[in-house]
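Please look over the model below before reading on. The paragraphs that follow take its charged pairs, its cores and a few of its elements in turn.

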Amino acid sequence: MTNTTHFGYKTVAEDDKVREVAKVFHSVAAKYDVMNDLMSAGLHRLWKTFTIAHAGVRPGFKVLDIAGGTGDLAKAFAKQAGPSGEVWLTDINESMLRVGRDRLLNRGLLTPTLLCDAEKLPFPDNYFDRVSVAFGLRNMTHKDQALAEMRRVLKPGGKLLVLEFSKVPAALQKPYDLYSFQVLPWLGQKIAGDAESYRYLAESIRMHPDQETLKTMMQDAGLEKVQYYNLTAGVAALHTGIKL
């Protein structure tokens with residue numbers, strides 16, 4: 001029997017989801033940052049700034065940025081960790097990783113980049129002081145396995161930071177749905193020439209665990225002191241947890 005999972009609202013074979021998600025990000029990589037600015041009115045930059053502040057990266061830290069995309073977090077972490085630190089930019093999608101790598105190089109930041117699957121991280125146990133994943137967890141097929149891997153590679157006392165789209169209050173659901181399913185695909189078509197990828201984005205957000213469910217999943221993965229911060233009325237949320 002082939003195991004199935006969801007790709008947006010569709011039920012697909014697990015192997016098919018990996019390929020479909022890859023196609024989405026190959027398609028949008030070149031316009032990724034432009035679309036993020038437009039569809040969030042620039043708020044994604046504030047959400048990432050909040051996440052960077054809560055990471056508390058210090059000189060000499062080893063940091064892993066998973067699904068790092070165009071490198072926004074890795075860039076900040078590399079500057080904070082300094083020449084004595086070690087910041088890895090990773091992504092499962094080659095197109096996104098190339099954009100992030102080139103952007104870091106253009107800013108004079110020589111950080112290692114690696115194409116890898118968050119569910120099977122090629123790093124030793126207890127290696128990183130911080131692990132981050134921003135807007136990537138919802139695309140992962142086995143989120144519990146990915147979270148367990150993130151905990152595994154953290155040092156004792158290390159922190160995991162998960163920034164992701166989340167759930168808004170019921171009073172905001174109708175206007176949020178209208179924006180998500182009408183405006184976003186229209187913007188995607190006009191700017192990136194791809195309405196379907198942004199329709200998938202809206203659907204994938206609805207299928208992602210809510211704030212409390214993700215908190216429980218992180219606790220089940222063995223993380224302690226798990227808490228979350230709602231950003232922009234829950235449009236996004238930052239979850240943090242510590243490996244003790």
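D102 is partly exposed, with a relative accessibility of 34%. In this predicted model, D102 forms a salt bridge with R101, and the closest N and O atoms of the pair are 3.1 Å apart. R101 is also partly exposed, at a relative accessible area of 34%. Side chains of opposite charge can pair when their charged atoms come close.

The structure holds 10 salt bridges in total. Another of them joins D72 to K48, with 2.8 Å between the closest N and O atoms. D72 belongs to helix α4 (residues 72-81) and K48 to helix α3 (residues 43-55), so this salt bridge ties together parts that are 24 residues apart in sequence. D72 counts as buried because its relative accessibility of 16% is under the 20% limit. K48 is buried as well, with a relative accessible area of 11%.

A further salt bridge links E196 and R199, and here the closest N and O atoms are 2.3 Å apart. Both residues lie in helix α8 (residues 195-207), three residues apart, which is about one turn of the helix. An α-helix has 3.6 residues a turn, so residues three or four places apart point the same way. E196 is exposed, at 52% relative accessibility, whereas R199 is partly exposed, at 27%. Elsewhere, salt bridges link D125, E149 and R152 in a network.

Next come the nonpolar residues. In soluble globular proteins, nonpolar side chains tend to be buried together. The largest nonpolar core of this model has 46 residues, and among these W47 and F77 touch the most other members. Helix α4 supplies the largest share of this core, with six residues. Which residues does F77 contact, leaving aside its neighbours within four places in sequence? They are I52, A55, V57, V63, V87 and S132. There is also a second, separate core of 24 residues, which includes M140, M150, L223 and V226.

Some nonpolar side chains are found on the surface instead. V34, L38 and I191 make a nonpolar surface patch of about 220 Å². Of these residues, L38 lies in helix α2 (residues 32-40) and counts as partly exposed, with a relative accessibility of 41%.

Helix α5 covers residues 94-106 and has 13 residues. From its first C-alpha to its last, α5 reaches 18 Å, close to the 18 Å expected at 1.5 Å a residue. Which residues of α5 are buried? They are S95, M96, L97, G100 and L104. The buried residues of this helix pack against three helices and two strands: α1 (14-28), α2, α4, β4 (86-91) and β5 (113-115). Two of these partners have appeared above: α2 is the helix that holds L38, and α4 is the source of the largest share of the 46-residue core.

The last stop is strand β9 (residues 236-242), where T240 is found. T240 counts as buried, at 5% relative accessibility. Setting aside neighbours within four places in sequence, T240 is in contact with K159, L160, L161, M218, K225, V226, Q227 and Y229. One of these contacts, V226, is included in the second core of 24 residues.

Conventions
Residues numbered from 1 in each chain as written. Predicted model: local features only at pLDDT ≥ 70, side-chain atom pairs only at ≥ 80, totals over all residues. Heavy atoms only, no water. Salt bridge = Lys/Arg side-chain N within 4 Å of Asp/Glu carboxyl O. Helix = DSSP H or I, 4+ residues; strand = E, 2+ residues; numbered from the N terminus. Buried < 20%, exposed > 50% of the residue type's maximum accessible area, 1.4 Å probe, protein only. Core = buried A, V, L, I, M, F, W, Y, C linked by side-chain atoms within 4.5 Å. Contact = heavy atoms within 4.5 Å. Patch = residues over 30% accessible without salt bridge, like charges linked within 9 Å, V, L, I, M, F, W, Y side chains within 5 Å. Areas by Shrake-Rupley, 256 points an atom, 1.4 Å probe, with all protein chains shown as cover. Expected span 1.5 Å × (residues − 1).
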